[in-house]
Amino acid sequence: MTEDVAWTSGRAADLPGILEEFRGPRAEQMDLIPRFRPGEWTDVRLTPWGDITLRWLVTKTFQHTAEHINDVLQ
């Protein structure tokens, strides 16, 4: 379901459900972060987004979540 369809279908009225969808994956991510060794943060890996580091991926995930939370709060 695209974001535009979700908002126009009334799904936006389920704010607690939407926030839980954001919280779940981010909580899992926070649990994983301490498990990485310092050198792994800068190792470059091939992904569907190109050659990126773990640091880039984690930063992008949080930035993307912040964008969506901003949309929800507006």
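A residue counts as buried when its relative accessible area is under 20%, as exposed when that value is over 50%, and as partly exposed in between. Those cut-offs are handy for looking at the aromatic residues of this predicted model. Trp41, for one, has a relative accessible area of 16%, so Trp41 is buried.

Trp41 also has a ring partner. The structure holds two aromatic pairs, and one of them joins Phe36 to Trp41. Here the ring centres sit 5.8 Å apart, with 70 degrees between the planes, and that makes the pair edge-to-face. Phe36 has a relative accessibility of 27%, which puts Phe36 in the partly exposed class. This pair, then, brings together a buried Trp41 and a partly exposed Phe36.

Trp49 and Trp56 make up another pair, with ring centres 6.5 Å apart. Their planes meet at 45 degrees, so this pair counts as tilted. Why tilted? Planes under 30 degrees apart would be stacked and planes over 60 edge-to-face, so an angle of 45 degrees falls into the remaining class. As for cover, Trp49 is exposed, at 59% relative accessible area, while Trp56 comes in at 36% and is partly exposed.

The two tryptophans of the tilted pair turn up again on the surface. Together with Leu57, Trp49 and Trp56 form a nonpolar patch there. The accessible area of these three residues adds up to about 330 Å². Where does Trp56 sit along the chain? Trp56 belongs to helix H3, which covers residues 54-73. So Trp56 is a helix residue that takes part in both the tilted ring pair and the nonpolar surface patch.

Conventions. Residues numbered from 1 in each chain as written. Predicted model: local features only at pLDDT ≥ 70, side-chain atom pairs only at ≥ 80, totals over all residues. Heavy atoms only, no water. Patch = residues over 30% accessible without salt bridge, like charges linked within 9 Å, V, L, I, M, F, W, Y side chains within 5 Å. Areas by Shrake-Rupley, 256 points an atom, 1.4 Å probe, with all protein chains shown as cover. Salt bridge = Lys/Arg side-chain N within 4 Å of Asp/Glu carboxyl O. Helix = DSSP H or I, 4+ residues; strand = E, 2+ residues; numbered from the N terminus. Phe/Tyr/Trp six-rings, centres within 6.5 Å; stacked < 30°, edge-to-face > 60°. Buried < 20%, exposed > 50% of the residue type's maximum accessible area, 1.4 Å probe, protein only.
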